[in-house]
Each structure stands twice: as structure tokens, then as C-alpha cells.
Protein chains: 2
Amino acid sequence: MKHYTIKDIAKKLNVSISTVSRAFNDKYDIKKETKELILKTAEDMGYIPNPIAKKLSQKRSLNIGVVVPEFINEYYSEIVIALQEFLISKGYQVLVMQSDENEEQELINAQTLINNMVDGLIVAPTTGNRNMKYYQDRIKEGYPIVFLNRIEESVPVSKVVFNNMKWSFFATEHLIRQGYKKIYHLSGYKDLSVSYERIQGFKKAMNKHHIPKENYKIIETGLLAKEGMEVIEDLIYHHDVPDAFFCVNDMVALGAIRKLKDNGYKVPEDVAFVGFTETRMAELVTPQLSSVKQPTFKMAKKAGELLIERIEDENAPIETIVMNGEFNIRQSSVRESSIL
Amino acid sequence: MKHYTIKDIAKKLNVSISTVSRAFNDKYDIKKETKELILKTAEDMGYIPNPIAKKLSQKRSLNIGVVVPEFINEYYSEIVIALQEFLISKGYQVLVMQSDENEEQELINAQTLINNMVDGLIVAPTTGNRNMKYYQDRIKEGYPIVFLNRIEESVPVSKVVFNNMKWSFFATEHLIRQGYKKIYHLSGYKDLSVSYERIQGFKKAMNKHHIPKENYKIIETGLLAKEGMEVIEDLIYHHDVPDAFFCVNDMVALGAIRKLKDNGYKVPEDVAFVGFTETRMAELVTPQLSSVKQPTFKMAKKAGELLIERIEDENAPIETIVMNGEFNIRQSSVRESSIL
DNA sequence: AGTCATTTCGGAAACGTTTTCGGTATTTTT
DNA sequence: AAAAATACCGAAAACGTTTCCGAAATGACT
């Protein structure tokens, strides 16, 4: 059951391998009948072209690599799904590697994909990030890369980002306008660019409404429910539970809510919540969770488009796309929960 | 900035390319000093070996392909993470492709990975599945494949599966023992092997406890929250809401719970719930959701082990591993919610 | 000093394609 | 009917490695 090659086909039909090759890539001169004959016997023999050899002699693979920091948090799952949907429609296949929020793994992932000759790379960097030199070098060589979220400004490359600051500002202002006096922000990792930007939005809202410093606080957390729970434990211990929380994402919010409920607090009556990067859970939990929805599909598609432009035209302009979302207000952050 | 090759190194040092090659794969005879010299100058020149060429002449890539049906539902995300953790520790890199529950895409994914010369494949098939012939052919050729979940018995291949029937039986029996009289099962796609097995477990429990046929029902659904909601709408419309639901997964349960709550039902006082394939949400929602936890990490690791055995030894025995989990009882399925 | 074993290396084939170049055979043009 | 143009095809180089085979150099042993 060994694999046939174009040589086998050539021998069988008494033609040259170049003719066989031509039959498969019809851009070269070949008579219609011989082409059909070759294709037919290839089919019959069960010939499968070897893409490795193809890649070695050509320079494209029609594969695209995607590196994401994690996909435990639904967001990147959606990104990948959307990316794949778009890129497949353009004739590419999508190879995904996840970095587990680990910089070194991310570097290995990017290298593995590039070494496997994917035609381009879409990277959503993990927190950190000390790999920028590697990316810079590749970009200088002309390698097509597009970044998604979590961006270092230092790299001259196309990117698609969410306007975290703006929507963080809106979400925070909403809490203020609802009359909550003491509002804490559970921020995620501070050295994560998205967290940083959301912190800026939070602060901006506080400043605009002249909230005194003692009435707000920014608490660094991770991105998981567990970490939301830990913060709440700590705050309860210190008798420092505020009126409202604005959280870096839904999972942190849900963890915090769980812990508060377990300690007899009512949400939203005692403590209000707003999440971010809305997940499907926001509508399913009780109370339903207010959250900022990111246009995941649009962002992924745009990143795909930018990458393909770059692959097909080396001089395609470098663009930075800043996207907006929507803020969905639900029961978890309104004073009179009956009005919703 | 063009890429250097071993030829360039050879020319620069006045040695042959075979010597250079030897320097990198130290299994062949080479003097220590020349080896070090070569490695050093290669380093200085910024030489990057071309894995495509390597794959073409060797037959291994140290890459492993993983095909999953989706990763919107946390379960396969965890599987992939665990798989990656294990396989990386064994020196492999992991390329992931997701099929979006689409058989044709799954076939393309498997082909793409195999054609890219991954050393082996781990496949969790989508519902269906008409691709078995393709897999069978590859397996006959000696290609290392391991299946995960959702298995057709027809294929002679190593597989790792969860004992769905047993734990479905336990979960159902728990509801019966709690005194719920009318219990419906939201089953997922019936032609999905895991759904089928869970249905069997459900029926077995019903038979064992002599529940009359009019007191239970199996309702086919999808795997998403939305589909749980739709079922509830329908049941409410027909005034056919039972005492308890056993659901194919947590998302369907959460969707159903949401819809019931929106219509004034109380969970678990009016309607009890048990999920399956426990997610992190089970502990976060209110009421906390009873669910069957699958040993995701163990299953993934075992699948990885089986694959590696097979890669390294063509005659490794074919094994079917059936795994067990745990049933976590929470508020959503107990009569007196105070006792928990 | 001669034989033999060992270490170290170069030449070249091989992996499976694509693609350039040039050469026939065929057709069209004059 | 000769010349020119075109259609078709084969030979061979190229892509960047690994690895087999044999040769040269070195060292060990009689």
C-alpha cells in the first residue's frame, strides 16, 4: 500500500514527470487528452500529492497559523472559529496552537508554524511579552503577520484591537450613573495590554465624575473565576465590600458573584456587577450579567483579511483597526431589577 | 536577510554538507571540534534549519495533529490543553484543527494534517460519521491514529472513551431516588455515539426502577443552551413540564433553566436538573448544577500515550480504554436544598 | 613496518515536487 | 511549399535536508 508519486504515474504512462506535474497545475502547456488521461490514471491509482515536497519547491502552503494565548475562555474559541470560517472560504486551512498563557510556549508555537511554512501568522500574544524581537525580525524579513489584541506598540505590523478604554469607560460610567458610590475594578493582569486599557477607561470615568480616590480601587486579578473568588474572600475578611464591581471579564465576575452569594450577599441588591468580553453565560446566569460585547467575528474576519492582503501583496499598507462593541445592560447592574 | 542553508555553512567552512548535517544530528561520526565549530558558525550566521526539507528526507515531523469537533464547549478546549501539555513533554508539538461539527470539514482537517506529515493523529469525530472509510484506509496503511469519544465500533483502532452509559445511569437513578416522578432527558443528537450511550443509561435506570413509560421521555436536542431553551418553550406551550431534567450537557441544562426561570418556575423547587460533562459553570451558577464530571485530563493524556506507543512501535496493541468519572450532586437536583 | 580497526569525512543519491529551457511536432501564415 | 508561429513535451536543475557508501586519515597492534 505504498504511496504513489508522480514518477510512478509518469512511468506507467510513459510520459515525463514534468508532464504529470503539468496535468495537476494546469497553468502550463499540456494537451487536453493527455491531461485527462493523467488525471484519470492518477485517480485510479489513488495518488495523493505530497504537500511537503510541494512546499519545498514552491513557496506557499495555503496554510495559515493562528497562535492564541488560551482557549479556555470562550473568547479565543470564537475567534478561532470565525477565523477558520473566513480563511477556509479564501482557500486556506487553519492550524491552531495555543500558548497556555506562557511566553515560551508562544514562541515555540510561532516558530513551529513558521518553520512549517504557513503562509502567514495571526498572533494574539500572551501577557508579557518578550517575544517581540522574534516577531520584529520575521516582519522585517517580510513575513506576513497580523496581531490581534494585547498589542505592543513597538512592532510595525497590522493589528486588530478592541477599543477597550472607550467601552471600559462606558461600563464604569453606567455604574456611576446607577448611583453606586463605591466601585472596585477587578483588572486582570496589569501587564496585559487589554487590562491596562480597561484600567485607563475606568480611571477616566472616575475622574470625569469626580469620584474621590477612597471610593474606588483597582485590584489586580487573573482571568479565571477562581481569582474572582479569592478577591472577594479577601475583601470580606477586611470588611471592604463595595457597592459595585467592574470586572475584566465575565468569568472573574461570576466567580466573585458566587463567593458573595455564598456569604449572604445579594446581587445586584447589595453588590452590582458588570463584566467584559461578554460570554454566552451572561444571559444564562441569575441575575443576568451586564457586559461589554466584543464583535468577535468581525474582529477575526478583519484580521484574516489584513493577513491575506499582506500575503498577496507584500506592499499592502500596515493598518491598525480599532473596533467597537456594545454594552448590554442586564439585571446585575441596575438598581431596580424590576424595571428590566 | 535571506535564509542560510547547510550549503552556505559548508561552503564557508570548506566542509561537505554531509558533515554539516552530521553536526546537527549527532548520531553520526564527527569529530568533536568540527562539530562545535559548525554549530558555532551556524549560530553566528543565524541559520535556521528547514523542517520541510527535513520532513521530506526523513519520515517524522515531531508534530501531532488533533482534530476536534468544536471547541465552543469548554470540554474539547480542556482536552486540547491537556493533550498539548502531555505531548509537549514528550517532545512533540500539537497542531489543532476544529471541524465545527461538520463532517466534510473534519475530513479536510484530517487530510490536511496527514498530508502535512504529522506523525500521528488524535481524532474526536463529529456527529455522523461518514469519514470512517478514510480513517480505515489510513489505519490499514499503518498510520497511527487514536480516537477519542464518539466512536464507531467498526474501526480497529485504539480509543479512549468515557463510560457514558454507566454515569448516565447513576445520574438518572439519583433523580429517581430523590423522588422526582416525571423525568425527561434532553439527549443531544441521537446519532452521536455519546448521546446514544447516555440514552441507554437513562433507559436502564428507568427500567430498573419500573418507571412507567408515560413518566419519562427522551427529547432530542442539540448541544447548545439555545436548544435547551427551545425545548422548554415547547414543553411549556404543551403544559408538559416534568419534575426533573437530565441533560446531555451543562449548556443545554443552563439554557433550559434560564427559560424556566423566565417563566416563573423555580429551580430546583419546581423542576430539578442534572447536567453532564461538567463545566466550570456548574459551581458558579445559582443554583449550582449537579453534573457528571469527566476526567478530561486523564482521558487526553491516555489518548496521547496510546498514540505515542503506536508511533514508536508499529505493533503496539490496539486498546480501548473506558474511563469513569464522578457524579457531583449539587443544589439543582436535591429536594431540600437546605441540606447541601 | 605492515596489517587492521577506528575515526572522520566527502560524494552522491534520495525524498517528491515545480519550473525553466530548449527541442520536436504540428499548425498557421505567406 | 517554405517559413513562421504555436502547441506540446522531455531533460534537468532546483528546493534543503538525510544518509548510504566508500575513502582517507589516524591510531593500535603485531
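## Terms and model

Helices and strands are here DSSP runs, numbered from the N terminus, with at least four residues for a helix and at least two for a strand. The model described below is a predicted one, and the report turns to its enclosed cavities before the surface that faces DNA strand C.

## The largest cavity

Counting enclosed spaces of 30 Å³ or more gives 6 cavities, and the largest cavity has a volume of about 410 Å³. Its lining is made up of 32 residues, and those nearest the centre of the cavity are A:N73, A:E74, A:Y75, A:N249 and A:T279.

Three helices of chain A, namely α5 (75-89), α9 (193-208) and α11 (250-262), each contribute at least two residues to the lining of the largest cavity, and α5(A) provides the largest share, with 3 residues. Sorted by class, the lining of the largest cavity contains 14 nonpolar, 10 polar and 8 charged residues.

## The second largest cavity

The second largest cavity holds about 240 Å³ of space and is lined by 20 residues, with B:Y75, B:Y76, B:R198, B:N249 and B:T277 lying nearest its centre. In chain B, the elements that give two or more residues to this lining are α5 (75-89), α9 (193-208) and α11 (250-262).

In terms of residue class, the lining of the second largest cavity comprises 9 nonpolar, 7 polar and 4 charged residues. At least three residues of this lining come from each of two domains of chain B, which are domain 2 (63-161 + 295-323) and domain 3 (164-294 + 327-333).

## The surface near DNA strand C

Around DNA strand C there are 32 residues, of which A:S21, B:T19, B:R22, B:D29 and B:K31 come nearest. At least two residues of this surface are supplied by each of α1 (6-13), α2 (17-24) and α4 (51-57) of chain A, and likewise by each of α2 (17-24) and α4 (51-57) of chain B. The class composition of the surface near DNA strand C is 11 nonpolar, 13 polar and 8 charged residues.

## Contacts with backbone and bases

Among the atoms of DNA strand C that lie within 4 Å of the protein, 61% belong to sugar or phosphate, while the rest belong to bases. On the phosphate side, an N or O atom in the side chain of B:T19 is 2.2 Å from a phosphate oxygen of DNA strand C, and a backbone N or O atom of A:N50 lies 3.1 Å from a phosphate oxygen of the strand. On the base side, a polar backbone atom of B:S57 is 3.4 Å from a base oxygen of DNA strand C.

Terms used: Residues are numbered from 1 along each chain as its sequence is written. Chains are lettered from A and ligands numbered from 1 in the order in which they are written. This is a predicted model: local features need pLDDT of at least 70, side-chain atom pairs count only at pLDDT 80 or more; totals for chains, interfaces and linings use all residues. Side-chain values use heavy atoms; hydrogens and water are left out. On a 1 Å grid over the protein atoms alone, a cavity is a set of points where a 1.4 Å probe fits but cannot get out, and a pocket is an open set with protein on both sides within 12 Å along at least five of seven lines; lining residues have an atom within 4 Å of a point. Grid points are joined across faces, edges and corners, and a volume is the space filled by probe spheres set on the points. Ala, Val, Leu, Ile, Met, Phe, Trp, Tyr, Cys and Pro count as nonpolar, Asp, Glu, Lys and Arg as charged, and the others, Gly among them, as polar. Domain bounds come from an automatic or database domain assignment. A residue is near a molecule or strand if one of its heavy atoms lies within 4 Å of it. A polar contact is a pair of N or O atoms within 3.5 Å; within protein, one must be able to donate a hydrogen and the other to accept it, and residues adjacent in sequence count only if both atoms are side-chain atoms.
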